[in-house]
There are 2 protein chains.
Amino acid sequence: MLQLKDLPDAKVLRKFAERYEDMDSRSVTHFLNILRIGTELAESLDRFLAKHGLLQGRWWVLILLMREDDLTSTPSELAEKAGVSRATMSGLINGLLRDGLVARQEDNEDRRSYSIRLTAAGQDKLDEVMPDYYPRVKKMMNAIPVQQREDLLKQLILLKEQSKVFD
Amino acid sequence: MLQLKDLPDAKVLRKFAERYEDMDSRSVTHFLNILRIGTELAESLDRFLAKHGLLQGRWWVLILLMREDDLTSTPSELAEKAGVSRATMSGLINGLLRDGLVARQEDNEDRRSYSIRLTAAGQDKLDEVMPDYYPRVKKMMNAIPVQQREDLLKQLILLKEQSKVFD
DNA sequence: GCCATATAGTTAGGCGGCTAATTAATTATA
DNA sequence: TATAATTAATTAGCCGCCTAACTATATGGC
């Protein structure tokens, strides 16, 4: 994420453009602004979840479990879908177990493995958060007409594809 | 950051829309995609910096120092501009001191305080990274015509303003 | 001049990431 | 069948972020 609060002003941009010839002020400004706004949106979501005593990592685990027909999954599946390492998922699951939002049940077929199931308390937590979350997302996104949203996303996808320039 | 890799598909969206009436699939999809792409852009930048032995926090400290005419600032100023706590800035500065990229000099007027200065080695590091960074940013952003970039940013700013819905 | 308050920086402790190493069980193969 | 390779999860140790508590110094009434 882009923590940087103090984005470069015209004077700073000139100074850097002088020393580094290939620098294009407009590109840099656009890029930093996009990163900054992404960060701010994510931070808003984090603050919202914090009000419900959740953090992003744990929230996604609960949602991933609720997606399953039997409300059940394995640590490694969860790690992959959530986009974190298995080590991190171990930690997240421990926290959720402590809070009773998920439960653990041994797998009889493979004794290395076990399943994680969303408990009633976990479902209750989602039933508290989601009806608060969805209307807010709807309200926020409705600030932009659907067609323009689609355009916005199309441009962002283009940028994402271009991000291979950093490889 | 949105770590989540496994964005909801149509089936999952239907399931959640059934349980939570106020859920608008399109809004949610758009929102998650925007967060996801922001995260991916930031991750690309991180990987790039890592190739130069830097992480975002330290990189920004060096840049903030180079912006100053005397290449000098204080820990609290740096913390504020970088958007991290003073405690975090203490840690970042320690790392940079260890690597010799910045130096510390006492302030005679206020003995609680001291200044941090970009060293020649720190400037060398920036002179290595920035001429590699700027052309890449330029190349990436040029994938989108300037007018569309401006539109993109305008929409994002609108969204950011709306993110107060989460308060 | 003295005490209360404010400010600069650090330290301690927690959290959520990571990688690498470890343990245990399963699967493949010589 | 014994052993090698693979896989699932955990642990250990690192990092960067946070808040809260602490130390040291400055400042502003009384």
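## A guided tour, beginning at DNA strand D

Select DNA strand D first: 24 residues surround the strand, and the closest are Ser76(A), Ala87(A), Gly57(B), Ala87(B) and Thr88(B). A residue counts as near a strand if its C-beta atom, placed from the backbone, lies within 6 Å of it. This is a predicted model, in which local features need pLDDT of at least 70 and side-chain atom pairs count only at pLDDT 80 or more, while totals for chains, interfaces and linings use all residues. Residues are numbered from 1 along each chain as its sequence is written, and chains are lettered from A and ligands numbered from 1 in the order in which they are written.

Next, colour the elements that give two or more residues to the surface near DNA strand D: α4 (75-82) and α5 (86-98) of chain A, with α3 (56-67) and α5 (86-98) of chain B. Helices are DSSP runs (H or I, at least four residues), numbered from the N terminus. The largest share, 5 residues, comes from α5(B). The surface near DNA strand D has 8 nonpolar, 11 polar and 5 charged residues. Here Ala, Val, Leu, Ile, Met, Phe, Trp, Tyr, Cys and Pro count as nonpolar, Asp, Glu, Lys and Arg as charged, and the others, Gly among them, as polar.

Now isolate α4(A) and α5(A), which pack at an angle of about 110° with their axes 9 Å apart. The axes are lines fitted to C-alpha atoms over the stretch in contact, and angles run from 0 to 180 degrees between N-to-C directions. The two helices are therefore roughly perpendicular (65 to 115 degrees). Pro75(A), Ser76(A), Leu78(A), Ala79(A) and Ala82(A) in α4(A) meet Arg86(A), Met89(A), Ser90(A) and Ile93(A) in α5(A); residues are in contact if their C-beta atoms, placed from the backbone, lie within 7 Å.

Then show both chains: 62 residues of chain A are in contact with 62 residues of chain B. On the side of chain A that touches chain B, α2(A) supplies the largest share, 17 residues. That side has 36 nonpolar, 11 polar and 15 charged residues.

To compare the chains, superpose chain A on chain B: a turn of 180° and a shift of 0.0 Å along the axis give an RMSD of 0.0 Å (least squares on the C-alpha atoms of residues with pLDDT of at least 70 in both). That is the relation of a two-fold axis.

Finally, select Gly53(B), just after α2(B), which takes a positive phi of about 70°.

Terms used
Angles under 35 degrees count as roughly parallel, over 145 as roughly antiparallel, 65 to 115 as roughly perpendicular and the rest as oblique. Two residues are in contact if their C-beta atoms, placed from the backbone, lie within 7 Å.
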